[in-house]
Structures are given as structure tokens and as C-alpha cells.
Amino acid sequence: MTDKELETRPDSLQSSRHDPFEIAGQQIPPGSAADIALPISKFSSGTPVTLDLRILHGKQPGPVIFVSGAVHGDEIIGTEIIRRLLPKLNPKRLAGTIIFTPVVNVFGFIAHDRYLPDRRDLNRSFPGRSKGSLASQIAYIFRTEVMARCTLGIDIHSAAQHRYNLPQIRIEPDNAGLRDLALEFGAPAVIESPLRPGSMRAVAKDNGVDMLLLEAGEALRVDEISVRVGVSGVLRVLRHLGMIINKRLGAVPTDPARSSRSTWLRAPRGGIYRPSKISGSRVLAGDIVAIVSDAMGDDPHNITAPIDGIIIGHRQLPVVNQGDALLHIAEVRSIDTVEERVGTITGSILDDVMLDDVMLDEDEVL
């Protein structure tokens, strides 16, 4: 980075010196990467369990952020996004520090399960306690060792099993700085949603850490659109923060669908579910979006949209019970072009040459 470029960066990113990054009793020199294994527990077999981190400590000073995946053990999309991001970033040409945690819930990841062995939800166990349940202890380690060192986090999730989420960024309401980062990310939709007690996002806010939450794809599956949204989005955020310079990463796609209110449509009866609209589709109030009938096709029930909006999640499994969630609709005020915008964003992501699994040229990152 040239002196002129450094002078134009925000004051918060400038520093007269750049020290090693300290974590878990280790020091990582500027311009280097290190793998850190934070002890968690042991499997019942006695094998040690660790929270594995890859830390890129940039040669230049800048923000400290984390990117995390698999807080729910079956939501493996974040792990794949991080795997593809790592070869694209060089700490010698990075400003600031990135802590990557590709698998936070190690127990659930190995078991292909959302939860911990005691069936607790890690994302409802924050801030955690050092002597609490296993979920509480992992939350405590993550909060004190990772989150406490950062000013921004990007946490990556997917829908539950047999459901699919349109790639979307979720942020807390009324946070203009986060809204700017969410728009820069370039996902098809930005949802302002309340913070849930015990969640990573809620505790991050209490600790002065901003959070972007990416929801994309389906549990136990990796789909290319979701991965590419995630990879390009994280890189755009890094570029926006001044942590990387990238000439090949395209401009932010056209404005996403934006919403602060959503609703789930549920099955009125048990039977077979047949959607006529899926994630990314525009809907108007009164549109028929699905039909549920019995196995013979008799006694069909039409499911209609209660609001104008965009479908941001849908059920994949056609066999349903009464009350099962079928479609998730986000209310969008300007509905006329929302489907076209989503298509434009998706096309832009697929065409983005930046997303090949190759190292960037050295003049394209700091």
C-alpha cells in the first residue's frame, strides 16, 4: 500500500506501528498466517477436540474481523466458503487481521447434526460459561478468544435439512453502518431482523461487535450459487473496509431486495406439498404459491401469499404434516422489479471471474 493510499484510509485503520497478533499465548508476526487449536474437550474415546482457527495477520494495520461457519454442525456451507476464500488471501498483502473458524460446532459437524450431543443449540448458548454445558463452554471459548478480539464478524448459516434459503444477509435493525456493509456484500436480499436472546449476533452487539449473518442454501449440501455469493460477498466487505485491493472483483450488483418483515406459510393439513413458486420468486398478495393434497391428489388446499414480497426460503421435502413450514416470504415495498434484481445479482455472481479457485495476482490484493 502506498503512503497516499494509507493517508486516504479511515483514521481507525491507521497506526504508527503494527504489532504481532496475540491469541492463545501465541504471537503471529505481521504478514504471516498461523493455525491455532483452542482446546475444547475430548470425545468419549479420549480423542482431543479443538476449535481450529486459521489467522491471517496482515502486513499493514487494519480491522480485526472473524468469519465463522458450522455454528450449527449440519450447516456446512460456511465451511466450504471459508475453504475457497483462504487461497485467495495473502497476509503479506492484507491490511488488518482475519480469524477464520470454518467449523465452530465440531461435535455436530462430525455427526452431521445441527446440535451438540446434549441436543443444545450452540447459537442459543451465548455468551456461555466456562463451567456450563458443553454448548455453553464452546460459546464461552468463541466469545472470549475470537469475538473479543474483533470489531466485525461474518457468520455463515444455511436453512435446516430439507429446506433451502435464498442467499441473504441478515442484520440488526437501524444500524446504518451494517446496512452499508450488507449492501456491499451483494447478496440477493438484505433482511433486517431482530436479535434473538442467546444468539451470537445478540451477544456480539452487547460486546460492541457488528455482525453480518449470511443465510444461504441447505443443511448438509453445498450449492454453487450460495458458495459464490458467500465468497464474493466476503471479498467485497474486505475491499470496502480497506483490507484488500482488488481490481478483478466486480462492482456490487444491483440493489438487493430489502425487507424488515417476513412471514412463514404453513401446511394446513398433512399430505403432499407442491410449490408453484420457490426462493427468489416475486409474489403478490393472493397469489397461489403452493398446493397441499392427499397422496391421491384429492382434497387439495391452495396456499396463497398474504403479502407482496419475495420468497427467501422454501421447503424441499414434499411430504408434510399439518403446521410444517412451507415457504418464507419477505415483504418488499418496491415489488415491481424485485425478481429481475435477484436474477441480475445471481447472473453477476455466476459470471464473476474472481471466483475461480486460484490465487489472486499480487497487484490485486494489498
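This report walks through a predicted model of one protein chain, from its overall make-up to two of its helices and its largest pocket.

## The chain as a whole

Let's start with the big picture. The chain has 366 residues, and 53% of them are buried. Its secondary structure comes to eight helices and 19 strands.

Contacts in this chain often link distant stretches of sequence: take those between residues at least 6 apart, and 70% of them join residues at least 24 apart. As for the outside, about 15900 Å² is exposed, with carbon and sulfur atoms supplying 48% of that area.

## Helix H4

Helix H4 covers residues 134–145, which makes twelve residues. From first C-alpha to last it reaches 16 Å, close to the 16 Å expected at 1.5 Å a residue.

Several of its residues are tucked away: Ala135, Ser136, Ile138, Ala139, Ile141, Phe142 and Arg143 are buried. What do the buried residues of H4 pack against? Their partners include four strands you can look for, E3 (32–42), E4 (48–57), E5 (60–69) and E6 (95–101). Helices H3 (106–111) and H6 (200–206) are packed against them too.

## Helix H7 and Gly233

Next up is helix H7, residues 224–240. Its 17 residues should span 24 Å at 1.5 Å a residue, and the end C-alpha atoms are indeed 24 Å apart. Since 13 of those 17 residues are buried, H7 is largely enclosed by the rest of the structure. After the helix comes Gly242, which has a positive phi, near 80°.

Gly233 sits in H7. Is Gly233 buried or exposed? Its relative accessibility is 0%, so it counts as buried. Phe185 is 48 residues away from Gly233 along the chain, yet their C-alpha atoms are separated by just 4.1 Å. Setting aside neighbours within four places in sequence, Gly233 is in contact with Phe185 and Arg228.

## The largest pocket

Now for some empty space. Rolling a probe the size of a water molecule over the atoms shows where such space is left. The largest pocket holds about 710 Å³. It is lined by 27 residues, and the closest to its centre are Arg124, Arg170, Arg196, Glu215 and His328.

What kinds of residues make up the lining of the largest pocket? Ten are charged, ten are polar and seven are nonpolar. Strands contribute to this lining: E7 (152–159), E8 (163–171), E9 (189–192), E10 (210–218) and E12 (262–266) each supply at least two residues.

Note on methods: Residues are numbered from 1 along each chain as its sequence is written. This is a predicted model: local features need pLDDT of at least 70, side-chain atom pairs count only at pLDDT 80 or more; totals for chains, interfaces and linings use all residues. Side-chain values use heavy atoms; hydrogens and water are left out. Buried means under 20% relative accessible area, exposed over 50%, partly exposed in between (1.4 Å probe, protein chains only). Contact means heavy atoms within 4.5 Å. Accessible areas come from the Shrake-Rupley method with a 1.4 Å probe; for residues, only the protein chains shown count as cover. On a 1 Å grid over the protein atoms alone, a cavity is a set of points where a 1.4 Å probe fits but cannot get out, and a pocket is an open set with protein on both sides within 12 Å along at least five of seven lines; lining residues have an atom within 4 Å of a point. Grid points are joined across faces, edges and corners, and a volume is the space filled by probe spheres set on the points. Ala, Val, Leu, Ile, Met, Phe, Trp, Tyr, Cys and Pro count as nonpolar, Asp, Glu, Lys and Arg as charged, and the others, Gly among them, as polar. The expected span of a helix is 1.5 Å times one less than its number of residues.
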